[in-house]
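Here are a few exercises to work through with the model open. Try each one yourself before you read the solution.

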Amino acid sequence: MPKILLLNGPNLHLLGQREPHLYAKRTLADIENELSALAKEAGHSLGCYQSDAEHELLHRIHGSGEDGTDLILFNPAAFTHTSVALRDGLLAIGIPFIEIHMSNPATREPFRQQSFFADIALGVIAGFGPHSYRLAMQAAIEHLADTAG
Ligand code: DQA
């Protein structure tokens with residue numbers, strides 16, 4: 001059974017309360033439940049992990065290199081614009097990942113214009129609020145079907 005990991009970076013446990021004009025009103029638990037249902041329907045398993053700490057996200061990335069994870073859905077949040085360490089971790093394990101953002105960083109402050117992940121991701125889905133996660137899951141399911149051996 002293909003295994004997907006949904007990884008969320010700092011402050012994303014505050015979804016639902018945090019800047020709702022940008023990030024909508026759905027909680028992270030709502031999103032995780034929706035994605036788990038979609039994964040199950042497609043015959044995949046979904047693990048979910050959120051942390052505010054770069055080293056914990058990095059450990060989870062390292063763990064996915066050992067536990068048979070096939071694909072990672074990743075919203076690195078603020079670490080998108082700062083983290084060489086997480087980029088290097090993803091390069092080290094070599095598992096394909098999709099970068100997700102609820103907002104569209106391209107329309108926001110200049111410091112959000114740089115992503116340390118976009119050029120090594122399978123693709124980036126941004127700007128669709130909580131739907132970005134669902135669209136990324138659909139892309140993941142299609143990618144796994146295309147590459148199934
Ligand atoms: C975000 C965009 C980032 O710039 C920001 O730091 C976040 C959330 C998004 O989902 O739109 O925390 O990744």
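Two strands count as paired if DSSP finds at least two bridges between them. Strands (E, at least two residues) and helices (H or I, at least four) are DSSP runs, numbered from the N terminus. This is a predicted model, where local features need pLDDT of at least 70, side-chain atom pairs count only at pLDDT 80 or more, and totals for chains, interfaces and linings use all residues. Residues are numbered from 1 along each chain as its sequence is written, and side-chain values use heavy atoms, with hydrogens and water left out.

**Exercise 1.** Work out how β4 and β5 are joined, then place them in the sheet.

Start with β4, residues 97–101: 4 bridges link it to β5, and the two run parallel. Next, pick out H101, whose bridge partner in β5 is A126. Now zoom out: the open sheet has 5 strands in the order β2-β1-β3-β4-β5, with parallel pairing. Finally, β2 (45–50) and β5 (123–126) are the edge strands, each pairing on one side only.

**Exercise 2.** Find which residues of α2 are buried and which side they sit on.

First, list the buried ones (under 20% relative accessible area, 1.4 Å probe, protein chains only): L28, I31, E32, L35, L38 and A39. They share one side of α2 because their arc, taken from the directions from the helix axis to the C-beta atoms, covers only 130 degrees. Then see what they pack against (contact means heavy atoms within 4.5 Å): β1, β2, β3 and α5 (131–147). Last, flip to the face turned away, which carries N33, K40 and E41, exposed at over 50%.
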